[in-house]
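Student: I would like to take a close look at a single part of this model, and then see how that part fits into the rest. Could you go slowly, since I am still new to reading structures?

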Amino acid sequence: MTETVLSIVPDMEVPDFLVREIQAKLAYVDEAITSARVSPGVEGIELSLNGPADKTTTERLSAKVNHLVEAMADGAFEPRLSVLEDYLDRPTSFAADPMDELYKSREVVREGSGYYILGPLLSALIDFFAERVVDAANQFGAKPYRFPALISPGYLERVKYFSNFPHSLSFVTHLREDMEVIEKFSEDGCCKDGLVHAADGSYGDPDAMLSPTVCHHLYMSLTDSVLPEEGLIATAEGNCFRYESTNMASLERLWNFTMREIIFVGSADFVGEGLEKARDMMRQTLDDMALAYKVESATDPFFIGNYRDQAAYQSAFELKHEVRALLPFKGDTIAVGSYNRHKDFFGRSLNIKQADGEFAETGCIGFGFERLAFAFICQHGFDPNSWPDAPSAHYRRLSEGWHSNNAPDYGDVPSF
Ligand code: AMP
Ligand code: ZN
């Protein structure tokens with residue numbers, strides 16, 4: 001297939017503060033786009049395409065790109081960034097992109113676009129961090145929950161996930177309950193280039209979705225309820241799914257990742273104080289990991305039509321803060337965790353009341369384990385002996401109990 005590059009100068013300039021967001025959204029603009037690079041101001045947008053940039057393609061893409069830029073930039077105002085913590089100058093001991101090495105040692109195996117197997121090194125590191133989040137949850141007396149990987153489409157629609165994040169939804173379906181359809185699939189169904197091919201009409205409409213986050217399940221379970229006077233604190237770990245199209249690369253941006261959250265439901269003060277205290281606890285753990293990071297105000301990646309107003313709302317009330325870890329090989333940062341307030345959005349949408357009759361407020365902290373582990377390896381490398389003391393000791397303790405500390409003699413990197 002011919003790869004071509006197309007430059008488009010949109011009618012409206014891309015403001016600096018929207019470069020990252022518009023770049024991420026370009027992946028969803030057209031199936032011909034394989035990657036995009038956005039420059040601020042009048043310089044324009046460079047698109048890599050999986051085919052020729054003929055006249056029809058150019059016109060189609062120009063129109064779509066202009067629509068995207070206008071929808072996101074028209075009337076947008078620059079959010080006021082507030083930095084709550086800044087430890088970006090913490091010394092790090094590694095500077096390379098670790099992915100090649102991780103693939104070679106099969107510490108990371110790519111199963112498909114955006115989903116990976118993690119080996120013992122990364123798993124032990126995640127175990128160290130996950131234990132710390134559980135410790136923090138226990139200090140709050142958080143109640144444990146277990147949530148399914150699937151989530152109800154009816155619920156997601158009710159809390160406006162369909163309209164706010166349609167681009168990242170993951171649909172679940174199955175063969176229709178029809179013997180002929182099932183027999184035909186068992187005979188002819190095949191997988192080619194990572195895609196399942198089945199006869200037209202083999203699947204029904206999706207009747208489940210893959211859950212994009214953890215705390216939604218708790219809010220769903222609280223629908224039509226009145227909270228105890230003292231509010232509710234819960235914790236759970238879960239698989240999360242966000243389809244990130246061509247932005248999915250390495251462990252930085254996954255389709256399937258895991259996260260532990262601590263979730264607060266109650267009055268505004270209860271939620272606010274809980275999040276503050278949780279941030280204090282996490283600061284100690286991130287310090288023990290010698291992680292270079294900052295905590296900065298942020299907005300969620302709403303889809304284009306909803307982006308401006310929703311992001312402005314989140315930003316005006318400072319509802320979201322991200323823990324952004326340094327990736328030294330890129331000279332950039334990536335969000336490894338977040339502190340979120342939703343005010344009474346879920347309380348109102350799901351009729352969750354406080355004991356005094358007011359709608360409940362909600363908030364959560366969540367850390368994505370794969371990203372956190374990736375950022376840590378980017379900063380401190382693969383050798384647990386040269387890691388900071390606490391994760392290094394955890395690795396040693398775990399690995400001493402393993403049946404073997406030798407790795408198999410691997411052949412070429414597998415691909416399915
Ligand atoms: P959010 O709910 O968007 O604030 O995300 C919470 C955390 O989940 C982030 O800070 C990341 O650690 C993780 N996360 C979110 N999206 C992804 C993704 N596509 N791939 C890997 N981790 C992610
Ligand atoms: Zn949450």
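Leaving aside its neighbours within four places in sequence, which residues is Lys64 in contact with?

Tutor: Please keep in mind throughout that this is a predicted model. Once the neighbours within four places in sequence are set aside, Lys64 is in contact with Val29 and Asp30. With Val29 there is a polar pairing that you can look for on the screen, since a polar atom of the Lys64 side chain lies 3.2 Å from the backbone oxygen of Val29. Lys64 itself sits in helix H2, which covers residues 55-73. Its relative accessible area is 33%, and because buried is kept for values under 20% and exposed for values over 50%, Lys64 counts as partly exposed. You can also follow the fold of the chain here, for the C-alpha atom of Lys64 is 9.4 Å from that of Leu26, although 38 residues separate the two along the chain.

A second residue helps to fill in this part of the picture, and that is Ile8, which belongs to strand E1 (residues 4-8). Whereas Lys64 is partly exposed, Ile8 has a relative accessibility of 5% and so counts as buried. Beyond its neighbours within four places in sequence, Ile8 is in contact with Gly44, Ile45, Leu47, Leu61, Ser62 and Val65. The C-alpha atoms of Ile8 and Glu43 are 8.8 Å apart, with these positions 35 residues apart along the chain.

Now step back to the division of the chain, which has a domain 1 (4-73) and a domain 2 (83-150 + 212-399). The C-alpha centres of the two domains are 30 Å apart, and where the domains meet, 14 residues of domain 1 are in contact with 13 residues of domain 2.

Next comes the ligand. There are 14 residues around ligand 1, and those that come nearest are Arg242, Glu244, Leu254, Lys320 and Ser338. Sorted by class, this shell holds six charged, five nonpolar and three polar residues. Strand E15 (256-266) and strand E18 (332-341) each supply at least two residues of the shell, and E18 gives the most, with four residues. Looking at single atoms, you will find a polar side-chain atom of Glu244 at 2.8 Å from a nitrogen atom of ligand 1. Backbone atoms take part as well, for a polar backbone atom of Val336 is 2.8 Å from an oxygen atom of the ligand, and a polar backbone atom of Gly337 is 2.9 Å from an oxygen atom of the ligand. On its own, ligand 1 has 480 Å² of accessible area, of which the protein covers 92%.

Some further residues repay a careful look, beginning with Thr258, which lies in strand E15. Thr258 has a relative accessibility of 19%, and because the limit for buried is under 20%, this residue counts as buried. Its side chain is joined to that of Glu370 by a polar contact of 2.8 Å, and Glu370 also appears among its contacts beyond four places in sequence, together with Gly238, Asn239, Phe367, Gly368 and Phe369.

His321, in strand E17 (residues 320-327), is buried too, with a relative accessible area of 9%. A polar contact of 3.4 Å joins its side chain to that of Glu318. When residues up to four places away in sequence are not counted, the residues that His321 touches include Ser82, Leu84, Gly337, Ser338 and Tyr339. Two of these names have already come up with the ligand, since Ser338 is one of the residues that come nearest to ligand 1, and Gly337 has the backbone atom that lies 2.9 Å from a ligand oxygen.

Finally, look at the backbone of Ser245, which has a positive phi of about 50° although it is not a glycine. Ser245 is found in the loop between strand E14 (232-241) and E15, and with a relative accessible area of 12% it is buried. Lys343 likewise has a positive phi of about 50° without being a glycine, and its place is in the loop between E18 and helix H11 (345-350). Lys343, however, is partly exposed, with a relative accessible area of 25%.

Terms used: Residues are numbered from 1 along each chain as its sequence is written. Chains are lettered from A and ligands numbered from 1 in the order in which they are written. This is a predicted model: local features need pLDDT of at least 70, side-chain atom pairs count only at pLDDT 80 or more; totals for chains, interfaces and linings use all residues. Side-chain values use heavy atoms; hydrogens and water are left out. A residue is near a molecule or strand if one of its heavy atoms lies within 4 Å of it. A polar contact is a pair of N or O atoms within 3.5 Å; within protein, one must be able to donate a hydrogen and the other to accept it, and residues adjacent in sequence count only if both atoms are side-chain atoms. Accessible areas come from the Shrake-Rupley method with a 1.4 Å probe; for residues, only the protein chains shown count as cover. Ala, Val, Leu, Ile, Met, Phe, Trp, Tyr, Cys and Pro count as nonpolar, Asp, Glu, Lys and Arg as charged, and the others, Gly among them, as polar. Buried means under 20% relative accessible area, exposed over 50%, partly exposed in between (1.4 Å probe, protein chains only). Contact means heavy atoms within 4.5 Å. Domain bounds come from an automatic or database domain assignment.
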